[in-house]
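User: I'm new to this one and would like to learn how to read it. Could you walk me through a few features?

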Amino acid sequence: MKIGEAQQKYRAQVRSYREQRSALSKQLEDVRTKLQYLPDDKEHREKFESEAASLQLTMDALDEKQSEYEKYLEQLSEKYCAYWNATVAEQQKDASKEYAADVAKVMEVARRLMKGAIVPASDEKKLMDFSMDMYQVAKNVGAMARLEKREKYDSLWEDDEEKKEYDDPREAAENADAGAGAPEIVDVADTMASVGAV
């Protein structure tokens, strides 16, 4: 089961258990209220006390199962964050590499301009976009270096460079395998029936 699917299923289970527990809590409160105002009728008192005990046992069973589901949801949340962070880290790593490569190219364009070489206008523009000051210095130094024969270079940036496609971190985290150890999904009614309350 994928993490995203597991989170949805177990959140629904927790909601279901909370709703049922809330309903049982109101029933228990009503029974306890009846016990307070009940005359000394031993038969009715025993019946209400038995009902209150049964309701309390059922609520305890629901709480235990809900707690199990909540702990599993915490584990899923940690896995989700780990996959999310790993995907983002990969993207940042590649972006850093790309940036470093672009800075190296910009520096090479500046070096070539300083030698008085002819570089493509697109490369000059990239240098201007990176640092106007560096561009001006390179052009001024290049003008002073005026060589009789200037070298001509091709662009350092390829127009048809392939851009890497990245996974969406949310999609990567939700579609990662939730792993083993998931508690069995038990319907609220089944949990209540296991205690003997319906």
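User: Let's start with Lys-65. Where does Lys-65 sit, and is it buried or exposed?

Analyst: Keep in mind that this is a predicted model. Lys-65 belongs to helix H2, which covers residues 42-114. Its relative accessibility is 15%, and because the cut-off for buried is under 20%, Lys-65 counts as buried.

User: Which residues does Lys-65 touch?

Analyst: Leaving out residues up to four places away in sequence, Lys-65 touches Tyr-17, Glu-184, Val-186 and Thr-191.

User: Thr-191 is in helix H6, right there in residues 188-195. Which residues of H6 are buried?

Analyst: Here's the general idea: an α-helix has 3.6 residues a turn, so residues three or four places apart point the same way. In H6, the buried residues are Val-188, Thr-191 and Met-192. They lie on the same side of H6, because they cover an arc of only 95° around the axis.

User: And what do the buried residues of H6 pack against?

Analyst: They pack against H2 and helix H1, the latter running over 3-36.

User: What can I look at around the ends of H6?

Analyst: At the start of H6, look at Asp-187: one of its side-chain oxygens comes to within 3.2 Å of the backbone nitrogen of Ala-189. Just after H6 comes Gly-196, with a positive phi of about 105°.

User: How do I describe the way H1 and H2 cross?

Analyst: In general, two packed helices are described by the angle between their axes and the distance between the axes. For H1 and H2, the axes come within 8 Å and the crossing angle is roughly 160°. That makes the two helices, H1 and H2, roughly antiparallel. Their crossing is left-handed.

User: What about H2 and helix H4?

Analyst: H4 spans residues 132-145, and its axis comes within 7 Å of the axis of H2, crossing at roughly 30°. H2 and H4 are therefore roughly parallel to each other. On the H2 side, the contact includes Val-106, Met-107 and Leu-113, while H4 brings residues including Met-134, Tyr-135 and Val-141.

User: One last residue of H2: how accessible is Ala-104?

Analyst: Ala-104 is in H2 too. At 47% relative accessibility, Ala-104 counts as partly exposed. Now try finding Asp-30: 74 residues separate it from Ala-104 along the chain, and the C-alpha atoms of the two are 76 Å apart.

Conventions: Residues numbered from 1 in each chain as written. Predicted model: local features only at pLDDT ≥ 70, side-chain atom pairs only at ≥ 80, totals over all residues. Heavy atoms only, no water. Helix = DSSP H or I, 4+ residues; strand = E, 2+ residues; numbered from the N terminus. Buried < 20%, exposed > 50% of the residue type's maximum accessible area, 1.4 Å probe, protein only. Contact = heavy atoms within 4.5 Å. Arc of directions from axis to C-beta. Polar contact = N/O pair within 3.5 Å; in protein donor to acceptor, adjacent residues only side chain to side chain. Axes fitted to C-alpha atoms, helices over the stretch in contact; angles between N-to-C directions. Parallel < 35°, antiparallel > 145°, perpendicular 65-115°, else oblique. Left-handed = near helix turned anticlockwise from the far one by under 90°.
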